[in-house]
Amino acid sequence: SSTSPIGIEWLPTDLPGALDGIRAWRLASGQENFLPPRVLDVSDSDWPDLGVDGVFAANLLHYVPWETVVNLFRRLAGQLGAGQPLCVYGPFNYQGRFTSPSNEQFDEWLKSTDPRRGVRDFEAVRQLAADNGFALRQDTAMPANNRLIWWCRSADA
């Protein structure tokens with residue numbers, strides 16, 4: 001049961017080193033609809049059953065190698081059922097072009113720290129999602145040159 005006015009419970013996941021910060025934020029916020037965080041390394045080939053009805057991934061795809069993005073969509077295909085949402089927040093390129101000079105600078109910085117990181121091309125992610133049974137529902141512009149992209153798991157996947 002959720003104390004959220006819209007009936008949403010959040011299950012934060014992250015690498016082990018980030019869980020203490022999530023726990024501290026959760027305690028300080030007083031938000032009862034945030035469950036205790038769980039360890040999840042999206043690069044792992046085997047995931048625990050998360051038991052969730054949808055996924056929201058914020059500022060993830062550009063921070064991990066492409067192989068991890070591929071693994072994320074493959075694993076989520078096994079976690080989510082028909083009609084369940086996958087929402088991704090972050091910067092994207094469209095038709096191979098940056099949407100802003102700040103995103104281009106951000107991409108350069110990401111690649112300077114690890115050349116496998118970087119702002120992802122929307123078209124490549126959309127194809128990856130489709131290949132794993134996710135249908136695009138909406139692509140919305142957000143502040144600071146970010147996007148909120150919403151997919152749903154297809155019934156025939």
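A residue counts as buried when its relative accessible area is under 20%. With that cut-off in hand, here is how the aromatic rings of this predicted model sort themselves out. Phenylalanine 73 falls in the buried group, and tryptophan 151 does too.

The ring pairs come to eight in total. One of them joins phenylalanine 73 to tryptophan 151 in an edge-to-face arrangement, with 5.6 Å from centre to centre and 90 degrees between the planes. Phenylalanine 73 belongs to helix α2 (residues 66-79) and tryptophan 151 to strand β8 (residues 146-153), so this contact ties together parts of the chain that are 78 residues apart in sequence.

A stacked pair turns up as well. The centres of tyrosine 94 and phenylalanine 122 are 4.9 Å apart, and planes under 30 degrees apart count as stacked, so the 25 degrees between these two rings puts them in that class. Here too, distant parts of the chain are linked: tyrosine 94 sits in the loop between β5 (92-93) and α3 (101-113), while phenylalanine 122 is in helix α4 (residues 122-131), 28 residues apart. As for exposure, phenylalanine 122 has a relative accessible area of 5%, so it is buried. Tyrosine 94 comes out at 21% and is therefore partly exposed.

Elsewhere, Trp10, Trp25, Phe34 and Phe56 are joined by ring pairs into a cluster. Finally, one ring has a charged partner: arginine 153 lies over the face of phenylalanine 134, at 5.4 Å from the ring centre.

Methods:
Residues are numbered from 1 along each chain as its sequence is written. This is a predicted model: local features need pLDDT of at least 70, side-chain atom pairs count only at pLDDT 80 or more; totals for chains, interfaces and linings use all residues. Side-chain values use heavy atoms; hydrogens and water are left out. Rings of Phe, Tyr and Trp (its six-membered ring) pair if their centres lie within 6.5 Å; planes under 30 degrees apart count as stacked, over 60 as edge-to-face and the rest as tilted. Helices (H or I, at least four residues) and strands (E, at least two) are DSSP runs, numbered from the N terminus. Buried means under 20% relative accessible area, exposed over 50%, partly exposed in between (1.4 Å probe, protein chains only). A charge sits over a ring if NZ of Lys or CZ of Arg is within 6 Å of the ring centre and within 35 degrees of the ring normal.
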